[in-house]
Amino acid sequence: MPLQVSDYTWQQTKTAVFISVPLRGVCGRDADVFCTENYLKVNFPPFLFEVFLYAPIDDENSKAKIGNDTIIFTLYKKEVAMWETLSVSGVDKEMMQRIREKSILQAQERAKEATEAKAAARREDQKYALNVMMQIEEEKRKKIEDMKENERKKVTKELEAWKECQRKAEEQKRIHREKKCCEQEKQIEEERKKLNHKSHTRISASRHLATKGRDSENIFLEKLKENSIPAPRSVGSIKINFTPRVFPTALRESQVAEEEEWLHKQAEARRALNTDIPELSDLKEEEKNPEWLKDKGNKLFATENYLAAINAYNLAIRLNNKIPLLYLNRAACHLKLKNLHKVIEDSSKALELFTPPVADNANGRMKAHLRRGTAFCQLELYVEGLQDYEAALKIDPSNEIVQNDAEKIRNIIQGTELKS
């Protein structure tokens with residue numbers, strides 16, 4: 001049976017009542033406080049302090065402060081008046097039980113109302129966040145469509161200009177070919193006239209020289225054939241460039257068959273990688289590097305383009321899921337976007353990959369604990385958040401900012417316990 005505390009003190013004004021209850025060496029964390037408008041109880045085993053108040057109080061605004069082995073209550077009266085006593089007189093056990101039960105029912109109803117109000121507020125916040133995200137997505141989609149339309153118009157304009165240049169070039173070539181054909185026809189016509197003139201001259205000369213015999217006629221025919229033979233082709237050179245062939249071994253140790261097989265396997269592996277990840281088909285070779293994608297995501301994060309940064313980290317993780325910084329940086333993006341459950345998931349994955357815990361990865365482990373602890377606190381899971389902040393303090397005990405934040409979380413936890 002608990003021991004009733006009787007050595008308490010109390011004072012009052014017209015608007016408030018001040019009660020001081022000694023804890024008798026019991027730790028303040030073990031004290032259980034329950035307060036309604038007509039009933040106040042403090043249970044700190046093996047002691048019990050219980051009072052049935054003389055008049056109603058405003059229990060929502062009343063306060064309790066624990067320190068120096070004492071609990072000091074500040075109870076605000078609903079009606080401005082001086083009380084004759086602290087506890088109502090003439091209360092039997094049956095009436096006490098009814099007051100206790102009524103107080104518990106009131107506390108349960110208020111807790112239920114508070115829970116429903118908190119759930120409604122959370123739903124409104126989620127609805128608002130969803131609307132904001134939809135608006136952002138719509139603006140980005142419209143911006144991308146405008147960029148595509150502008151790019152299409154630009155490319156179309158460049159294509160039309162190129163076609164016009166090609167048409168003009170073809171026109172110039174056609175005119176040049178026609179001029180060249182006309183010149184060749186004129187030259188052929190002139191050569192034909194010259195040949196006809198020469199043939200007439202030779203025929204007349206052959207008639208005068210017919211007496212010289214068959215041999216002279218053969219010489220004339222040979223000279224005529226020599227004049228009709230075209231000139232030899234002009235001498236020229238064609239330059240050929242060969243692509244250098246790179247082998248994994250030195251030339252003096254090269255084995256062609258093994259190297260050909262190695263190159264074939266490398267090409268097959270690259271093709272298989274591109275097949276598994278369709279997003280890589282449009283990327284350059286250097287853009288398929290996880291480190292390059294990580295740096296790209298960091299730059300996008302610096303410009304507050306968190307969704308694009310998440311996409312870069314996602315692709316890098318698909319290429320290599322053993323880099324803890326990818327999960328840690330993606331957790332930072334989700335924290336900015338209030339995707340709190342994803343922050344917890346990515347931070348936990350980063351902590352799994354930061355093994356073994358050494359000095360080189362201490363900074364990364366500390367950031368992972370802080371981001372996960374922040375997400376827990378924003379989800380109102382303050383106990384879990386405090387655990388992560390304490391883990392971060394074990395890594396860097398001299399960090400004053402983390403110490404102050406951890407102290408604030410402790411105060412929130414203690415205030416929640418006192419109100420409940």
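This passage describes the fold, confidence, cores and selected residues of a predicted model of a single chain.

In overall terms, the chain has 420 residues, of which 24% count as buried. Ten helices and eight strands make up its secondary structure. Among contacts between residues at least 6 apart in sequence, 53% join residues at least 24 apart. The chain exposes about 31,300 Å², and carbon and sulfur atoms supply 54% of that area.

Confidence varies along the chain, and it is worth a look before turning to the details. The mean pLDDT is 82, with 83% of the residues reaching 70 or more. Helix α6, spanning residues 324-336, has the highest confidence, at 96. At the other end of the scale is helix α2 (residues 214-228), with a mean of 48. Over residues 209-224 the pLDDT stays under 50, and for this stretch the model has three contacts beyond four places in sequence. Where pLDDT is low, the predicted coordinates should not be read in detail.

Attention turns next to the nonpolar cores. The largest of them has 22 residues, and those with the most contacts inside it are I19, F44, F49, F73 and L75. Four strands each supply at least two residues of this core: β3 (16-22), β5 (39-44), β6 (47-52) and β8 (70-76). Apart from it lies another core, of 19 residues, which includes Y313, L315, A316 and F354. Back in the largest core, F44 offers a convenient view of the surroundings. Neighbours within four places in sequence aside, F44 is in contact with V5, V21, P22, L23, V26, D30 and A31.

Two acidic residues in the strand-containing part of the sequence are pleasant to follow in the viewer. E50 has its place in strand β6, one of the strands that supply the largest core. With a relative accessibility of 18%, E50 falls under the 20% cut-off and therefore counts as buried. Its side chain makes polar contacts with two others: one of 2.4 Å with the side chain of Y39, and one of 2.6 Å with the side chain of R100. Both partners also appear among the contacts of E50 beyond four places in sequence, which are Q4, Y39, L40, K41 and R100.

The second of these residues, D59, is found in the loop between β6 and β7 (63-67). D59 counts as buried because its relative accessibility is 16%, under the 20% cut-off. Leaving aside neighbours within four places in sequence, the residues in contact with D59 are C35, T36, E37 and R110. A separation of 9.8 Å is found between the C-alpha atoms of D59 and T74, which are 15 residues apart along the chain.

Further along the chain, three features of backbone geometry invite inspection. Most residues other than glycine have a negative phi, and most peptide bonds are trans. E304 has a positive phi of about 65 degrees although it is not a glycine. This residue, E304, sits in the loop between α4 (290-302) and α5 (306-319). At 59% relative accessibility, over the 50% cut-off, E304 therefore counts as exposed. K338, also not a glycine, has a positive phi of about 65 degrees, and its place is in the loop between α6 and α7. K338 is exposed because its relative accessible area is 53%, which is over 50%. The remaining feature is a cis peptide bond between T355 and P356, with an omega of about -5 degrees. P356 belongs to the loop between α7 (340-353) and α8 (362-378).

Helix α8 itself contains R372. A relative accessible area of 18% makes R372 buried. When neighbours within four places in sequence are left out, R372 is in contact with I344, S347, S348, L351 and D388.

Finally, the database record adds an annotation for this part of the chain. In UniProt, an unreviewed entry gives "repeat: TPR" for residues 366-399. In the predicted model, the span of residues 366-399 is 79% helix and 0% strand. The end C-alpha atoms of this span lie 11 Å apart.

Technical notes. Residues numbered from 1 in each chain as written. Predicted model: local features only at pLDDT ≥ 70, side-chain atom pairs only at ≥ 80, totals over all residues. Heavy atoms only, no water. Core = buried A, V, L, I, M, F, W, Y, C linked by side-chain atoms within 4.5 Å. Buried < 20%, exposed > 50% of the residue type's maximum accessible area, 1.4 Å probe, protein only. Contact = heavy atoms within 4.5 Å. pLDDT = per-residue confidence, 0-100. Areas by Shrake-Rupley, 256 points an atom, 1.4 Å probe, with all protein chains shown as cover. Polar contact = N/O pair within 3.5 Å; in protein donor to acceptor, adjacent residues only side chain to side chain. UniProt positions renumbered as here; feature names shortened; annotations may be inferred.
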